[in-house]
Amino acid sequence: MSMQMLIGGELVESANGGRMEAIDPATEQVIGSVPAGTAQDMEKAVAAAESAQPAWAALSIDARAAYMHKVADGMDARAAEILEIEVKDTGNTIAKMEADVQKAAERIRNYAALGFEVKGITVPSTPGNLHVTVCEPYGVVGRIIPFNHPIAFAGRALAGPLITGNTVVIKPPEQSSLSAGILGEICKECLPAGVVNIVTGEGAAVGDALVRHPRVKRIAFTGSAETGMIIQRAAAEVAVKHVTLELGGKNPMIVFPDADLDKAIPAAVAGMNFAWQGQSCGSTSRLFVHDSLYDRVLEGVAERVRALRIGMPLDYDSQVGPMNNKEQLEKAVKYIALGVEEGARLVVGGKRPEGDMFAKGYWIEPAVFADVTMDMRIAKEEIFGPVMSVIRWSGVDEVIEMANATDYGLTAAIWTRDIDTAITTARRVQSGYVWINGTSRHYRGMPFGGMKNSGTGREESIDELLSYTETKAIHVLTA
Ligand code: NAD
């Protein structure tokens, strides 16, 4: 499977002809390749996006939405193919990935429908005159995405910028770029040339070239906090830019003594997103359980994690696949060893699964650690893998202090039947997205994003659409 990049309406190779291999993480076999883009390719992509933008912005919202619907329909038409490639390329299990593929098209339609909501205001600043604001597109938006949900993120990456009158350059994750190749083919068929450009390659090469491009003022990045900080710095060296960052998490789930354990225990396991080996920014990887319930919850969680079926990602019965890539596997292995070394008790998993099926590939059994304390690195650092830390607490102030004792602040889950406890705790946790008696699910229209080092800016909502525009104030003065 040999994919190409989309630049200026053409499917192209990289300027130097270089290619990157796509590895199936379940088998370590090479399953395809994509161009290894260069800074020169990025320059061409930005130039193409720039020249396409005025005509794109001049279209009516309905016309832009109609084009976006064509892309969504094109994705639906190739959904089975996208799904298979995505599962093979990421290792995420197929039963759950169906939703990712559907979501990519759905998000495009959803954002297309919101075009008329991106609007300004009128302000009664002076009597007799008219003071209004309008939302102007930035021009070219640069979007950089991570490996855990490539097609879902790529669909989202184009939707917001396009409906608001921008053109876009997307930089897919180098570990899992194949589905972006299909998206490129669809966009070539459905959109005017240059409106969407997709440049594959290494982050430090094409990603950096996009961030540093002087005429790309708006950068939206999803990835690690480390790269997010590099991007903020790089952008600031070139120009004043609007950079939003959707970064990592080390998210708490707090179980209060009155929690409904029949629901909280499965939710704690679901919150770990084991279908993609915990490689999710929102995974509730720190489970804080009140002392009075600790053993019961630990036992229930351990039993469920032990029962998860690890298997080939394309098998609908598999609940856990391999990790996305070798580095991620090594990171998980390192943190599991560290947890043991730091004195945490490994209750479940943490080793390579047995059997011929797992001889090759980036496999690791989901791990549950008990007796974790907040001085341990596994309790504070993002592992981005299938490692869950179960932490005991007895005082409310104590648990909130522990929940907030990381540099991250993405999601939090609070389990209680008491409304006062729920609201007070939700207000006290330093997280951008809080579930009360829930985990995992993202709700349409609700802003998603992080506090502290989990990011800046909000997506998945009208906030995101507005963020692709700049406000212009216009004063109409009576003569
Ligand atoms: P990463 O930061 O290594 O890479 C993300 C993207 O940035 C890739 O496309 C990569 O090529 C590119 N990149 C790398 N260096 C770059 C540079 N110097 N300049 C420009 N681009 C560069 O992240 P990852 O390992 O792909 O993904 C995992 C991380 O993403 C985790 O921390 C996870 O929590 C986070 N994440 C956050 C969200 C969210 O919505 N908050 C969602 C998914 C993943």
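**Figure 1. Salt bridge between glutamate 84 and lysine 88 in the predicted model.** The side chains of glutamate 84 and lysine 88 pair with an N to O distance of 3.0 Å. Helix H3 (residues 79-90) holds both residues, which sit four residues apart, or about one turn of the helix. Glutamate 84 has a relative accessibility of 37% and is classed as partly exposed. Lysine 88, at 26%, is also partly exposed. A search of the whole structure returns 25 salt bridges; Figures 2 and 3 show further pairs.

**Figure 2. Salt bridge between glutamate 330 and lysine 326 in helix H11.** Here the N to O distance is 3.4 Å. The two residues are four positions apart in helix H11 (residues 326-341), so about one helical turn separates glutamate 330 from lysine 326. Glutamate 330 is partly exposed, with 43% relative accessibility. For lysine 326 the relative accessible area is 43%, which makes this residue partly exposed.

**Figure 3. Salt bridge between glutamate 365 and lysine 351 in a loop.** The closest N and O atoms of glutamate 365 and lysine 351 are 3.2 Å apart. Both residues belong to the loop between strand E14 (345-348) and strand E15 (367-370), so their pairing ties together parts that are 14 residues apart in sequence. Glutamate 365 counts as buried because its relative accessible area, 17%, falls under the 20% cut-off. Lysine 351 has 44% relative accessibility and is partly exposed. Elsewhere, salt bridges with shared partners connect Arg143, Arg156, Glu459, Glu460 and Glu464 in one network.

**Figure 4. Polar contacts of the ligand with glutamate 174, serine 224 and threonine 227.** The side chain of glutamate 174 places an N or O atom 2.4 Å from an oxygen atom of the ligand. For serine 224, a side-chain N or O atom is 2.7 Å from a ligand oxygen. Threonine 227 has a polar side-chain atom 2.7 Å from an oxygen atom of the ligand. The ligand taken alone exposes 850 Å², of which the protein buries 90%. Helix H7 (203-211), strand E10 (218-222) and helix H8 (225-238) are the elements that each contribute two or more residues to the surrounding shell.

**Figure 5. Composition of the shell around the ligand.** There are 28 residues around the ligand, and those that come nearest are Glu174, Ser224, Thr227, Leu247 and Glu382. Sorted by class, the shell contains 15 nonpolar, eight polar and five charged residues. Domain 1 (5-247 + 454-476) and domain 2 (252-444) each supply at least three residues to this shell.

**Figure 6. Surroundings of threonine 439.** Threonine 439 is located in the loop between strand E19 (433-436) and strand E20 (451-452). With a relative accessible area of 11%, threonine 439 is buried. A polar atom of the threonine 439 side chain lies 3.0 Å from the backbone oxygen of alanine 267. The threonine 439 side chain also makes a polar contact with the side chain of serine 440, at 3.5 Å.

Note on methods
Residues numbered from 1 in each chain as written. Predicted model: local features only at pLDDT ≥ 70, side-chain atom pairs only at ≥ 80, totals over all residues. Heavy atoms only, no water. Near = heavy atom within 4 Å. Polar contact = N/O pair within 3.5 Å; in protein donor to acceptor, adjacent residues only side chain to side chain. Areas by Shrake-Rupley, 256 points an atom, 1.4 Å probe, with all protein chains shown as cover. Nonpolar A, V, L, I, M, F, W, Y, C, P; charged D, E, K, R; others polar. Domains from an automatic or database assignment. Salt bridge = Lys/Arg side-chain N within 4 Å of Asp/Glu carboxyl O. Buried < 20%, exposed > 50% of the residue type's maximum accessible area, 1.4 Å probe, protein only.
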